[in-house]
Amino acid sequence: MDNFRIIYKILRILEKSMDLEEFDNNSISRERLELSEARWCRIMAMLASEGYVTGIETWQSMDCGYPRVCLTRPEITIKGLEYLEDNTFMKKAAEMAKGIKDIVPGL
């Protein structure tokens, strides 16, 4: 899975969680997304530093070559919502996948 698809997926999960009273951090865990710890930490740190999400603490550790991440209560920001809205590449891919699913029985 390429980085932009991962970012889109994380933001979509956070957007859908806006209706939830409690957020399940496991829904965006590295295990659930099938990512290495290093890649997951770097992506989450980028999302936080670019202002797409809040509720993520990051720090650099002397014993680690990538940022450490702690999820407190991740939430999508307006900037993150705008990313989802403006990301036409992912919209087109989602529409194409939906079209394929409608055509191919059993998917």
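## Glutamate 34 and the loop before α3

Glutamate 34 is located in the loop that joins α2 and α3. In this predicted model, the phi angle of glutamate 34 is near 55°, a positive value in a residue other than glycine. Is glutamate 34 buried or exposed? Its relative accessibility is 71%, and a residue counts as exposed over 50%, so glutamate 34 is exposed.

## The chain as a whole

The chain contains five helices and two strands. Along the sequence, these elements follow the pattern α-α-α-β-β-α-α. Measured out along the principal axes, the C-alpha atoms fill a box of roughly 50 × 25 × 25 Å.

Of the 107 residues in the chain, 34% are buried. Contacts between residues at least 6 apart in sequence were also examined, and 54% of these join residues at least 24 apart.

## Helix α1

Helix α1 covers residues 3-16. How far apart should the ends of its 14 residues be, at 1.5 Å a residue? The expected span is 20 Å, and the end C-alpha atoms are 20 Å apart, which agrees. At the start of α1, aspartate 2 places a side-chain oxygen within 3.2 Å of the backbone nitrogen of phenylalanine 4.

The buried residues in α1 include Ile6, Ile7, Tyr8, Ile10, Leu11 and Leu14. A general property of helices helps in reading such a list. An α-helix has 3.6 residues a turn, so residues three or four places apart point the same way.

## Helix α3 and its crossing with α1

Helix α3 is formed by residues 37-49. At 1.5 Å a residue, its 13 residues should span 18 Å, and the end C-alpha atoms are indeed 18 Å apart. The buried residues of α3 are Ala38, Trp40, Cys41, Ile43, Met44, Ala45 and Leu47. Against which elements do the buried residues of α3 pack? They pack against two helices, α1 and α2, and against the strands β1 and β2. After α3 comes glycine 51, which has a positive phi near 85°.

The axes of α1 and α3 come within 11 Å and cross at roughly 65°. The crossing of α1 with α3 is right-handed. On the α1 side, the contact is made by Asn3, Ile6, Ile7, Ile10 and Leu11, and on the α3 side by Arg39, Ile43, Met44 and Leu47. Sorted by class, these are seven nonpolar residues, one polar and one charged. Several residues of this contact are also buried, among them Ile6 and Ile7 of α1 and Ile43 and Met44 of α3.

## The loop between α1 and α2

Serine 17 belongs to the loop between α1 and α2, the latter formed by residues 30-33. With a relative accessible area of 4%, which is under the 20% limit, serine 17 counts as buried. Its side chain reaches the backbone oxygen of leucine 14 at 2.7 Å. Which residues does serine 17 contact, apart from neighbours within four places in sequence? They are Phe23 and Arg73.

Aspartate 24 also has its place in the loop between α1 and α2. Aspartate 24 is partly exposed, because its relative accessible area of 41% falls between 20% and 50%. Although aspartate 24 and arginine 73 are 49 residues apart in sequence, their C-alpha atoms are 9.0 Å apart in space. Arginine 73 thus appears beside this loop twice: in contact with serine 17, and at the stated distance from aspartate 24.

## The strands and the loop between them

Strand β2 runs over residues 68-76 and includes arginine 68. Arginine 68 is partly exposed, with a relative accessible area of 23%. Beyond its neighbours within four places in sequence, arginine 68 is in contact with Glu37, Glu57, Thr58, Trp59, Ser61 and Asp63. The C-alpha atoms of arginine 68 and cysteine 41 are 6.2 Å apart, while the two residues are 27 residues apart along the chain.

Cysteine 64 is found in the loop between β1, residues 53-59, and β2. Its relative accessible area is 13%, under the 20% limit, so cysteine 64 is buried. Cysteine 64 and alanine 38 are separated by 26 residues in sequence, and their C-alpha atoms by 9.2 Å in space.

Methods. Residues are numbered from 1 along each chain as its sequence is written. This is a predicted model: local features need pLDDT of at least 70, side-chain atom pairs count only at pLDDT 80 or more; totals for chains, interfaces and linings use all residues. Side-chain values use heavy atoms; hydrogens and water are left out. Helices (H or I, at least four residues) and strands (E, at least two) are DSSP runs, numbered from the N terminus. The expected span of a helix is 1.5 Å times one less than its number of residues. Buried means under 20% relative accessible area, exposed over 50%, partly exposed in between (1.4 Å probe, protein chains only). A polar contact is a pair of N or O atoms within 3.5 Å; within protein, one must be able to donate a hydrogen and the other to accept it, and residues adjacent in sequence count only if both atoms are side-chain atoms. Contact means heavy atoms within 4.5 Å. Axes are lines fitted to C-alpha atoms, for helices over the stretch in contact, and angles run from 0 to 180 degrees between N-to-C directions. A crossing is left-handed if the near helix is turned anticlockwise from the far one by less than a right angle, and right-handed if clockwise. Ala, Val, Leu, Ile, Met, Phe, Trp, Tyr, Cys and Pro count as nonpolar, Asp, Glu, Lys and Arg as charged, and the others, Gly among them, as polar.
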